[in-house]
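Here are a few short exercises to work through with the model open beside you. Try each task before you read its solution.

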Amino acid sequence: MGDDGSVIPRLSNMKALLGIVAGAGASYGIYKLISGGSFKRNKKSVKESDSGAVRTSSQPSDTALKPGSLLAKVSGLDVVCPRPAHVASGDIIHQSPGNLEPQHLKMLLSCLQTSNNQSERCQILLTLGNAAAFTVNQNLIREFEGIHIIAGYLSDPVAEVRVQTLNALNNLCMNIQNQEQIKVYVSQVLELIEMSPVNSDLQLAALRLLTNLSVTDKHQHLLKESVTLLLSLLVVSSEALQVQALRVLVNLSSNPDIMDDIVQAQAPASVVLLFDTRTAPPVLLRLLTFAGNLKAWRPSDQVAHELRRKQDCLFRVMLDESSQLHSRLVQLLSHPDGEIQAQVARILT
């Protein structure tokens with residue numbers, strides 16, 4: 001495993017090293033949501049990415065932090081402890097996740113595969129996720145086949161393990177080369193969103209991953225069948241989840257090559273009701289960006305005629321002449337937020 005003789009004796013027993021907690025998670029399960037269809041083409045606009053890496057480092061009262069452990073090194077916690085006499089300068093204790101050595105990553109991946117303890121799995125995934133906030137580690141984890149090892153825990157029976165798996169994959173996804181391996185798990189991630197209770201940490205973590213995966217056009221076609229699910233989440237979820245779902249929708253709607261698929265997806269009629277002064281500004285701003293991207297699309301007469309025959313599709317709900325969207329946008333021109341007013345004016349002109 002390429003172990004350094006001066007370090008490995010202090011790292012050999014992983015159970016003694018796992019002294020921190022992964023920080024997120026609860027149990028989940030959602031009702032099934034309707035699904036959409038497929039067409040094709042037109043015009044480009046704004047995209048969103050999830051800002052920064054996901055780092056989690058809370059510590060429960062019943063878990064002791066093990067000073068000098070590999071996990072203490074990359075946990076994101078401030079470790080205050082005396083330096084043992086046998087530890088050399090620049091040792092594990094005081095290094096950052098960005099300086100984690102390759103053999104340590106190999107050890108963590110090996111321990112993850114052999115651990116039968118759910119708390120250990122969470123903590124190892126948290127550690128790998130924190131390490132994956134750094135480009136050098138993103139590359140190393142990929143080279144060590146770590147992406148597929150980590151993604152294997154998307155089906156772990158413990159919800160918190162699945163959350164930490166998604167967080168680690170989200171950080172790894174900020175690397176374009178890693179996206180080529182992560183994309184094969186899109187259907188599994190979408191299933192996790194669909195089968196989890198609304199507003200769960202698992203849904204939020206999954207949507208963050210999809211946001212980063214959909215920033216470029218390259219993998220957006222893998223998500224075109226998810227539009228119905230994302231629109232359904234908008235009308236039943238909290239502000240945080242609405243914002244995250246809209247980030248994905250904004251990214252997808254910026255791609256003209258999949259716009260025909262987007263506008264024919266089934267959509268709840270109540271999504272139009274979100275265009276309202278009572279909607280939280282962060283949600284409304286992204287909703288307006290999404291609407292602006294849709295409005296920039298120009299279907300042919302034949303395509304528009306065909307879409308009008310599809311009851312409950314997004315075209316009928318938001319773009320057709322019969323839609324309530326226009327009148328609701330006019331009302332938003334008097335919104336107290338100047339940025340929202342400007343967005344509405346751009347859509348109407």
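**Exercise 1: one helix and its cover**

What covers the buried residues of α15 includes α13 (259-263) and α16 (314-319). Contact here means heavy atoms within 4.5 Å, and helices are DSSP runs (H or I, at least four residues), numbered from the N terminus. The model is a predicted one, where local features need pLDDT of at least 70, side-chain atom pairs count only at pLDDT 80 or more, and totals for chains, interfaces and linings use all residues. Residues are numbered from 1 along each chain as its sequence is written, and side-chain values use heavy atoms, with hydrogens and water left out.

*Task.* Find which residues of α15 are buried and which are exposed.

*Solution.*
- Step 1. Apply the cut-offs: buried is under 20% relative accessible area, exposed over 50%, and partly exposed in between (1.4 Å probe, protein chains only).
- Step 2. In α15 (residues 301-308), the buried residues are Val303, Ala304 and Leu307.
- Step 3. Viewed down the axis of α15, these fall within an arc of 100°, so they line one face of the helix. The arc is that of the directions from the helix axis to the C-beta atoms.
- Step 4. Asp301, Gln302 and His305 are exposed on the other side of α15.

**Exercise 2: two helices together**

*Task.* Describe how α10 and α12 cross, and list the residues that make the contact.

*Solution.*
- Step 1. Two packed helices are described by the angle between their axes and the distance between the axes.
- Step 2. The axes of α10 (residues 201-213) and α12 (residues 239-253) come within 9 Å and cross at roughly 25°. Axes are lines fitted to C-alpha atoms, for helices over the stretch in contact, and angles run from 0 to 180 degrees between N-to-C directions.
- Step 3. α10 and α12 are therefore roughly parallel to each other (angles under 35 degrees).
- Step 4. From α10, the contact uses Gln203, Leu204, Leu207, Arg208, Leu210 and Thr211; from α12, Ala240, Leu241, Gln244, Ala245, Arg247, Val248 and Asn251.

**Exercise 3: two buried residues**

*Task.* Where do Val248 and His335 sit, and what do they touch?

*Solution.*
- Step 1. Val248 belongs to helix α12 and is buried, with a relative accessible area of 0%.
- Step 2. Not counting residues up to four places away in sequence, Val248 touches Leu207, Leu210, Thr211, Ser214, Leu223 and Leu230.
- Step 3. His335 lies in the loop between α17 (325-332) and α18 (338-348), and counts as buried at 4% relative accessibility.
- Step 4. With that sequence limit of four places again, His335 touches Thr277, Leu284, Ile340 and Gln341.

Methods
Parallel < 35°, antiparallel > 145°, perpendicular 65-115°, else oblique.
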